[in-house]
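Reader: Please take a close look at one part of this model, the packing of its nonpolar side chains, and set that part in the context of the chain around it.

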Amino acid sequence: MESKLLSPGGILRDANGHLLVAYSTFLGQGTSLRAETLAILIGLRLCYQKRYSWVRLQSDSLVSMEILQRRSSALGTFAGKYIKFGNY
């Protein structure tokens, strides 16, 4: 995979689709997979910091979603209770 400048971002919406937070950041160099995965993790951290009690996660990066789903099963109850993985 080619290394390039990373600037991942995302949006958080409520259950009605209204914008709650938009975010982006610069992370230096890396792969697109790294950018996609970090964008998701940054969004999850924002959800935690804002104390959102339930999260539905959507991404167009199937590989990132699969990586995080495998990791979430290792987290056990927390991930199963608060994170739902959906298709984009």
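Author: The accessible surface of the protein chain comes to about 6,400 Å², and 52% of that area belongs to carbon and sulfur atoms (Shrake-Rupley method, 1.4 Å probe, with only the protein chains shown counting as cover for residues). This is a predicted model, in which local features need pLDDT of at least 70 and side-chain atom pairs count only at pLDDT 80 or more, while totals for chains, interfaces and linings use all residues. Residues are numbered from 1 along each chain as its sequence is written, and side-chain values use heavy atoms, leaving out hydrogens and water.

The chain has three helices and six strands, arranged along the sequence as β-β-β-β-α-β-α-α-β (DSSP runs numbered from the N terminus, H or I of at least four residues for helices and E of at least two for strands). Of its 88 residues, 30% count as buried (under 20% relative accessible area; over 50% is exposed and anything in between partly exposed, with a 1.4 Å probe and protein chains only). Among the contacts (heavy atoms within 4.5 Å) with a separation of 6 or more, 53% join residues 24 or more positions apart.

The largest nonpolar core (buried Ala, Val, Leu, Ile, Met, Phe, Trp, Tyr and Cys residues joined through side-chain atoms within 4.5 Å) has eleven residues, namely Leu-12, Val-21, Tyr-23, Ile-40, Leu-44, Leu-46, Cys-47, Val-55, Leu-57, Met-65 and Leu-68. At least two of these residues come from each of β3, α1, β5 and α2, and α1 gives the most, with four. In soluble globular proteins, nonpolar side chains tend to be buried together.

Three core members can be followed into the strands and their surroundings. β2 (residues 9–13) and β3 (residues 19–24) run antiparallel and are joined by five bridges, where pairing requires at least two DSSP bridges. Within this pair, Gly-10 stands opposite the core residue Tyr-23. The two strands form a hairpin with five residues between them, and Gly-17 in the turn has a positive phi of about 90 degrees. Val-21 touches Leu-12 and Leu-46, both of them core residues, and beyond four places in sequence its contacts also include Gly-10, Ile-11, Lys-50 and Tyr-52.

A polar residue is also covered in helix α2 (residues 62–75), which holds Ser-64. Ser-64 counts as buried because its relative accessibility is 0%. Leaving out residues up to four places away, Ser-64 touches Leu-33, Glu-36, Thr-37 and Ile-40. The side chain of Ser-64 makes a polar contact with the side chain of Ser-61 at 2.9 Å (N or O atoms within 3.5 Å, one able to donate a hydrogen and the other to accept it, with sequence neighbours counting only if both atoms are side-chain atoms).

Two exposed residues complete the picture. Gln-29 lies in strand β4 (residues 28–30) and, at 57% relative accessibility, counts as exposed. Its C-alpha is nevertheless 6.1 Å from that of Ser-3, 26 residues away in sequence. Arg-51, in the loop between α1 (32–49) and β5 (55–59), counts as exposed because its relative accessibility is 74%. The phi of Arg-51 is near 60 degrees, a positive value in a residue other than glycine. Most residues other than glycine have a negative phi.
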